[in-house]
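Me: I am new to this structure and would like to know how its labels are earned. Could you walk me through a few of them?

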Amino acid sequence: SSSSSNGYGGAIRIDEPSTDYTKNNPIKINNTKFSSNYIQSEGSAFGGAVNVQREINFTNCVFVKNNATGNTDDNGNNDEAIGGAIYADNFWYKNLGGNQYQTVGMDMYIINSTFDGNYIKVMKAYGSNEYPSLWGSTISYGRGQSNSSPSAKTFIFNSIIRNSKIY
């Protein structure tokens with residue numbers, strides 16, 4: 001998909017949980033192929049195939065030639081490209097009462113899956129002194145969670161990641 005601002009998830013976008021039920025029941029994606037999905041955004045691009053803010057499990061999935069491309073308007077705004085296949089910033093705000101909140105990380109599991117040829121890219125403005133942010137040519141997770149307790153973790157079992165690129 002293309003966007004005039006920021007772009008989120010070329011195939012799937014899953015927002016943070018809003019109830020205890022959605023927090024306590026991870027999304028499960030099984031036996032799915034994500035091929036040639038993309039984000040092309042004038043702003044920042046987050047997750048060429050999947051953008052997720054929930055606990056999630058990928059089992060027997062294939063991610064091929066997905067990409068996240070930011071700053072397509074070439075304006076030098078220091079835009080970002082994050083997660084060629086998956087961008088997971090999976091956390092939720094736990095209400096502690098009295099207008100107090102705690103950020104709580106949630107986990108991601110990738111099992112028996114293959115990633116091939118995913119990439120990220122940010123167009124740099126000609127003659128600009130701005131330098132773009134590029135994170136995770138295939139998978140990016142936990143970026144916005146410096147204060148999370150517990151922090152989010154990603155577990156990768158019996159999976160192949162190859163031919164990832166940053167342009």
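Me: Where is Asn60 placed?
Reply: Asn60 sits in the loop between β9 and β10. Keep in mind that this is a predicted model.

Me: Why is Asn60 called partly exposed?
Reply: Its relative accessibility is 36%. Buried means under 20% and exposed means over 50%, so Asn60, at 36%, counts as partly exposed.

Me: What makes the phi of Asn60 worth a look?
Reply: Most residues other than glycine have a negative phi. Asn60 is not a glycine, yet its phi is positive, about 55°.

Me: Which loop holds Asn99, and why is Asn99 called exposed?
Reply: Asn99 lies in the loop between β14 and β15. Its relative accessible area is 69%, and exposed means over 50%, so the word fits Asn99. Asn99 also has a positive phi, near 65°.

Me: How do you know that β5 and β10 pair?
Reply: Pairing takes at least two bridges. β5 and β10 have three bridges, in the parallel sense, so they count as a pair. In one of them, Ser35 has Val64 of β10 as its bridge partner.

Me: What makes β5 and β22 edge strands?
Reply: The open sheet runs in the order β5-β10-β17-β22. β5 and β22 each have a single partner strand, so one side of each is left without a neighbour in the sheet.

Me: Which residues touch the most other members of the largest nonpolar core?
Reply: They are Val50, Phe58, Phe63, Ile86 and Met108, in a core of 17 residues. Phe58 is in contact with residues including Ile29, Tyr109 and Ser113.

Notes:
Residues are numbered from 1 along each chain as its sequence is written. This is a predicted model: local features need pLDDT of at least 70, side-chain atom pairs count only at pLDDT 80 or more; totals for chains, interfaces and linings use all residues. Side-chain values use heavy atoms; hydrogens and water are left out. Helices (H or I, at least four residues) and strands (E, at least two) are DSSP runs, numbered from the N terminus. A nonpolar core is a set of buried Ala, Val, Leu, Ile, Met, Phe, Trp, Tyr and Cys residues joined through side-chain atoms within 4.5 Å. Buried means under 20% relative accessible area, exposed over 50%, partly exposed in between (1.4 Å probe, protein chains only). Contact means heavy atoms within 4.5 Å. Lists of a residue's contacts leave out its neighbours within four places in sequence.
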